[in-house]
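Please work through the exercises below with the structure open beside you, and try each task before reading its solution.

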Protein chains: 2
Amino acid sequence: MIALSPVPDITYRLYHHPLDPLSRRVRLTLAEKGVACDLFIENPWDPSDDLVALNPAGEVPVLVVVEDGRQQVLADAGAICEYLDEAHISPALIGKDPIARAEVRRLIGWFDRKFHWEVTVFLLGEKALKRLTGTGEPDSVLIRTGCHNIHGHLDYIAWLTERRNWLAGEQLTLADLAAAAQLSVIDYLGDVPWNAHILAKEWYARIKSRPSFRGLLGDHIAGFPPPRHYADLDF
Amino acid sequence: MIALSPVPDITYRLYHHPLDPLSRRVRLTLAEKGVACDLFIENPWDPSDDLVALNPAGEVPVLVVVEDGRQQVLADAGAICEYLDEAHISPALIGKDPIARAEVRRLIGWFDRKFHWEVTVFLLGEKALKRLTGTGEPDSVLIRTGCHNIHGHLDYIAWLTERRNWLAGEQLTLADLAAAAQLSVIDYLGDVPWNAHILAKEWYARIKSRPSFRGLLGDHIAGFPPPRHYADLDF
């Protein structure tokens, strides 16, 4: 009889929406860590009672961790990704030095917050959420605002990657995943002006070709398909 | 001659605004850690060239760390507070267990984001920022919205502190500082309905009486004084 060291029995469940950039950030982090996870779709605009029971904020993403029969509920994309980096240490996605970790987190904040409010809410909100929720016609002024604002962010990605291998330094980090998660949603809408931003496109091509990205590239919302280039690695 | 072990020569400079809740969160964290810091006031609605050079987002708070003559710039309140918890390990303000750390960060997100957008932007924006920037009269509908929304958050604080000593568990954490930072700004405006929320008031009285809070209670914006109870520990 072979003595095996006890392996904790851990399973994960993620409540998410395919077009929610913060849910995508968690999915990318899970995949980079090689952590298997069951996915459950929730509509953030109409959270189920189950979701509200798990997260009183009624928001996705929510990660349920079941370890040896005991269930723990984690909410907030930032909290979830930091947890995954602490509980699954390889590959390290924030780094070790406190100053370098602060730079990773600064850029996460940039994309989770600044990009989100300057680009994603305009384009995702007008072009997708209004259609999916049946709440009116897209506002062309707001769409133009989002399309205008994205240029500065793509320029910033170029500026960073001219100086560093990845956004926050020499290694891929959660900052790259945060930026790619937001951009992948805008790319699903067909609204990233890649050809005007060659350096940002080169960075995105590198991250898009990683195995961790495959799940996102397979997303397909019923009645709201992505453009043909969305899943194409040679876009 | 006494041999001293080498102590790195570290100084800190914080660029902040007294009524910015995220700046207040960093000031509370610095004070809880016992870290001395020079403070420089910036107006977030009109960032100086110096601030933009330090932080291309043009936002406060920004922490400049000068160690042995080498300057490092940290931006984003979340990144700064996580850095301070890593670089100054005592007292620990996030805890050790990954699941418990995720709960601290979930609640930080709740107050930095949810409370901020449901309460602070309405009350601070209408009552203070419009006056400080001379951009019109307060909108009473938006003020009523903020005053309505704060009740749910104070109820949630009560719900948490009925089950835990502090918001995220038995120890004071960054979650308490995030919540107190937001509430302290609303309290400066005189808009926290403390007497309708006795449990939340008891929690706030405990945190308000900590030495780390003294700096915030001494804030006084020229031409925009706080109500008398603001600095009163027996409010």
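**Exercise 1. Determine what relation connects chain A with chain B.**

Solution. In this predicted model, begin with the superposition: chain A can be laid on chain B with an RMSD of 0.0 Å. Next, take the operation that achieves this, which is a turn of 180° with a shift of 0.0 Å along the axis. The relation is therefore that of a two-fold axis. Finally, turn to the surface involved, and you will find that the same surface serves both copies, since 100% of the contact residues of chain A recur in chain B.

**Exercise 2. Describe the contact between chain A and chain B in residues and in buried area.**

Solution. Start with the residues, of which chain A contributes 23 and chain B contributes 24. Then consider the area buried between the two chains, which is about 2300 Å², with carbon and sulfur atoms giving 62% of it. As a last step, look at the side of chain A, where A:E86, A:I99 and A:R105 lose the most area to chain B and together account for 22% of what that side buries.

**Exercise 3. Work out how helices α4 and α5 of chain A are oriented towards each other, and which residues bring them into contact.**

Solution. First locate the two helices, α4 at residues 98-133 and α5 at residues 140-163 of chain A, whose axes are 8 Å apart and pack at an angle of about 150°. Angles over 145 degrees count as roughly antiparallel, and α4(A) and α5(A) are therefore roughly antiparallel to each other. The crossing of these two helices is left-handed. Now trace the contact itself, in which residues of α4(A), including A:W110, A:F111, A:F115 and A:F122, meet residues of α5(A), among them A:I143, A:I150, A:H153 and A:Y156. Sorted by class, this contact has 14 nonpolar, four polar and five charged residues.

**Exercise 4. Find where the cis peptide bonds at A:P61 and B:P61 lie, and which non-glycine residue of chain A has a positive phi of about 85°.**

Solution. In chain A, the cis peptide bond joins A:V60 and A:P61, with omega at about 0°, and A:P61 is found in the loop between α2 (49-54) and β3 (62-67). In chain B, a cis peptide bond joins B:V60 and B:P61, again with omega at about 0°, and B:P61 has its place in the loop between α2 (49-54) and β3 (62-67) of that chain. For the second part, the residue is A:D76, which has a positive phi of about 85° although it is not a glycine; A:D76 lies in the loop between β4 (70-75) and α3 (77-87) of chain A.

How values were computed: Residues numbered from 1 in each chain as written. Chains lettered and ligands numbered in written order. Predicted model: local features only at pLDDT ≥ 70, side-chain atom pairs only at ≥ 80, totals over all residues. Heavy atoms only, no water. Axes fitted to C-alpha atoms, helices over the stretch in contact; angles between N-to-C directions. Helix = DSSP H or I, 4+ residues; strand = E, 2+ residues; numbered from the N terminus. Parallel < 35°, antiparallel > 145°, perpendicular 65-115°, else oblique. Left-handed = near helix turned anticlockwise from the far one by under 90°. Contact = heavy atoms within 4.5 Å. Nonpolar A, V, L, I, M, F, W, Y, C, P; charged D, E, K, R; others polar. Least-squares fit on C-alpha atoms with pLDDT ≥ 70 in both. Buried area = accessible area lost by both parts, 1.4 Å probe.
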